[in-house]
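Biologist: Got a minute to walk me through this one? I'd like to start with the strands.

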Amino acid sequence: MAHLDDPDAAAAQASVDRVAFERAAPAPVRSAELATGYIRAERPEDGTPVTFVPGERLPAWVAERLRTGQATYDPDSGAWTLITPPAEPSERPERRKRTGTSRAQEV
């Protein structure tokens, strides 16, 4: 057995552990797009948190993100969590442009 003090051995063991974990995690979606476990997400329209329960039909946006691996599984809670994509540039709040004058000069 390799020593885990060796970085290469530790990386190999981590890879083996990850594969074993992924095989143990239940599939998040059945072919009919029903949740097989709890799935946490944020609605893309407004960021509202939502949890889908086992047996609940999933919206297309949730099923697609699960199929493409955009979720993590927490074995302690038995729940999947969708990874929130970064905001599009058009969705980011606009920053005030600097004019080159200080506030004291504006008064």
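Modeller: Sure. Bear in mind that this is a predicted model. Take β1: Ile-39 and Ala-41 form its covered face. Tyr-38, Arg-40 and Glu-42 lie on the uncovered one.

Biologist: Which way do β1 and β4 pair, parallel or antiparallel?

Modeller: Parallel, over three bridges. Arg-40 stands opposite Thr-81 of β4.

Biologist: And how many bridges join β1 to β2?

Modeller: Four, and those two strands run antiparallel. Glu-42 has Pro-49 of β2 as its bridge partner.

Biologist: What about the hairpin of β1 and β2, how many residues sit between the strands?

Modeller: Six. Gly-47 in that hairpin takes a positive phi near 75°.

Biologist: Back to the covered face. Which residues make up the largest nonpolar core?

Modeller: Twelve residues in all. Both covered β1 residues, Ile-39 and Ala-41, belong to it. The others are Ala-35, Val-50, Phe-52, Leu-58, Val-62, Leu-66, Ala-71, Tyr-73, Trp-80 and Leu-82.

Biologist: Which elements give two or more residues to this core?

Modeller: Strands β1 (38-42), β2 (49-52), β3 (71-74) and β4 (79-82), plus helix α2 (60-67). As a general point, nonpolar side chains in soluble globular proteins tend to be buried together.

Biologist: Switching to charges. How many salt bridges do you count?

Modeller: Two. Glu-33 pairs with Arg-67, with the closest N and O atoms 3.1 Å apart. That pair links distant parts of the chain, 34 residues apart. Glu-33 is in the loop between α1 (7-24) and β1, while Arg-67 is in helix α2.

Biologist: Is Glu-33 buried, exposed or something in between, and what is its relative accessible area?

Modeller: Partly exposed, at 23%. The buried class stops under 20%, so Glu-33 falls outside it.

Biologist: And what is the salt bridge between Arg-67 and Glu-64 like?

Modeller: The closest N and O atoms are 3.6 Å apart. The cut-off is 4 Å, so the pair counts.

Biologist: Where do Arg-67 and Glu-64 sit relative to each other?

Modeller: Both are in helix α2, three residues apart, so about one helical turn separates them. Glu-64 is partly exposed too, with a relative accessible area of 40%.

Biologist: Which residues are linked in the network of salt bridges?

Modeller: Glu-33, Glu-64 and Arg-67. Arg-67 bonds to Glu-33 and also to Glu-64.

Technical notes
Residues are numbered from 1 along each chain as its sequence is written. This is a predicted model: local features need pLDDT of at least 70, side-chain atom pairs count only at pLDDT 80 or more; totals for chains, interfaces and linings use all residues. Side-chain values use heavy atoms; hydrogens and water are left out. A nonpolar core is a set of buried Ala, Val, Leu, Ile, Met, Phe, Trp, Tyr and Cys residues joined through side-chain atoms within 4.5 Å. Buried means under 20% relative accessible area, exposed over 50%, partly exposed in between (1.4 Å probe, protein chains only). Two strands pair if DSSP finds at least two bridges between them. A salt bridge is a side-chain nitrogen of Lys or Arg within 4 Å of a carboxyl oxygen of Asp or Glu.
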